[in-house]
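Here is a chain to look over. Read it with the questions below in mind.

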Amino acid sequence: MANKQVCPRCGSSKIVEYDTTFGCRECNLEFQKEISLDLDEEDVLSIKEMKGILDELGLKQNSNKLTKLNDVLDMKESFDQNKHKN
Ligand SMILES: [Zn+2]
């Protein structure tokens, strides 16, 4: 296995290295260096993906609000569907 850093996602060697992270020019994703060394390649999450998961967890803490929002959206959706049927 080559010692050169490659993108854990697409395998490209077009890597831009930073202090603690590196970015792939092919997929425009940024990865943590330390994490990528220890995990299987499949398990590597880009920082963007990790942030997405954190955002999702943050939303779940406000689950009451989120449920209400979903209810409103569901109601609107079924209303729209009914409207289209008629
Ligand atoms: Zn890539």
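Short questions and answers follow.

This is a predicted model: local features need pLDDT of at least 70, side-chain atom pairs count only at pLDDT 80 or more, and totals for chains, interfaces and linings use all residues. Residues are numbered from 1 along each chain as its sequence is written.

Q: In what order do the elements of the protein run from the N terminus on?
A: Helices (H or I, at least four residues) and strands (E, at least two) are DSSP runs, numbered from the N terminus. The protein has three of each. From the N terminus on, the order is β-β-β-α-α-α.

Q: Which strands are the edge strands of the sheet?
A: Strands pair if DSSP finds at least two bridges between them. The open sheet has three strands in the order S1-S2-S3, with antiparallel pairing. Each edge strand pairs on one side only; they are S1 (15-17) and S3 (30-32).

Q: By what angle are neighbouring strands of this sheet turned against each other on average?
A: Axes are lines fitted to C-alpha atoms, for helices over the stretch in contact, and angles run from 0 to 180 degrees between N-to-C directions. For this sheet, direction is ignored, and the average is 25°.

Q: What is the bridge partner of isoleucine 15 in S2?
A: S1 and S2 are antiparallel and share three bridges. A hairpin of three residues links S1 to S2. Opposite isoleucine 15 in S2 is cysteine 24.

Q: Which residue in S3 is the bridge partner of phenylalanine 22?
A: S2 (residues 21-24) and S3 run antiparallel, joined by three bridges. Glycine 23 faces glutamate 30 of S3. The partner of phenylalanine 22 is phenylalanine 31.

Q: Which residue in the turn between S2 and S3 has a positive phi?
A: The S2-S3 hairpin has five residues between its strands. One residue in the turn has a phi of about 60°, a positive value in a residue other than glycine. It is asparagine 28.

Q: Is asparagine 28 buried or exposed?
A: A residue is buried if 20 or more other C-beta atoms, placed from the backbone, lie within 10 Å of its own, exposed if 12 or fewer, and partly exposed in between. Asparagine 28 sits in the loop between S2 and S3. Because it has 9 C-beta neighbours inside 10 Å, asparagine 28 counts as exposed.

Q: Where in the protein is confidence lowest?
A: pLDDT is the predictor's confidence in each residue, from 0 to 100. The protein has a mean of 75, and 67% of its residues reach 70 or more. Confidence is highest in S1, at 92, and lowest, at a mean of 59, in helix H1 (residues 33-38).
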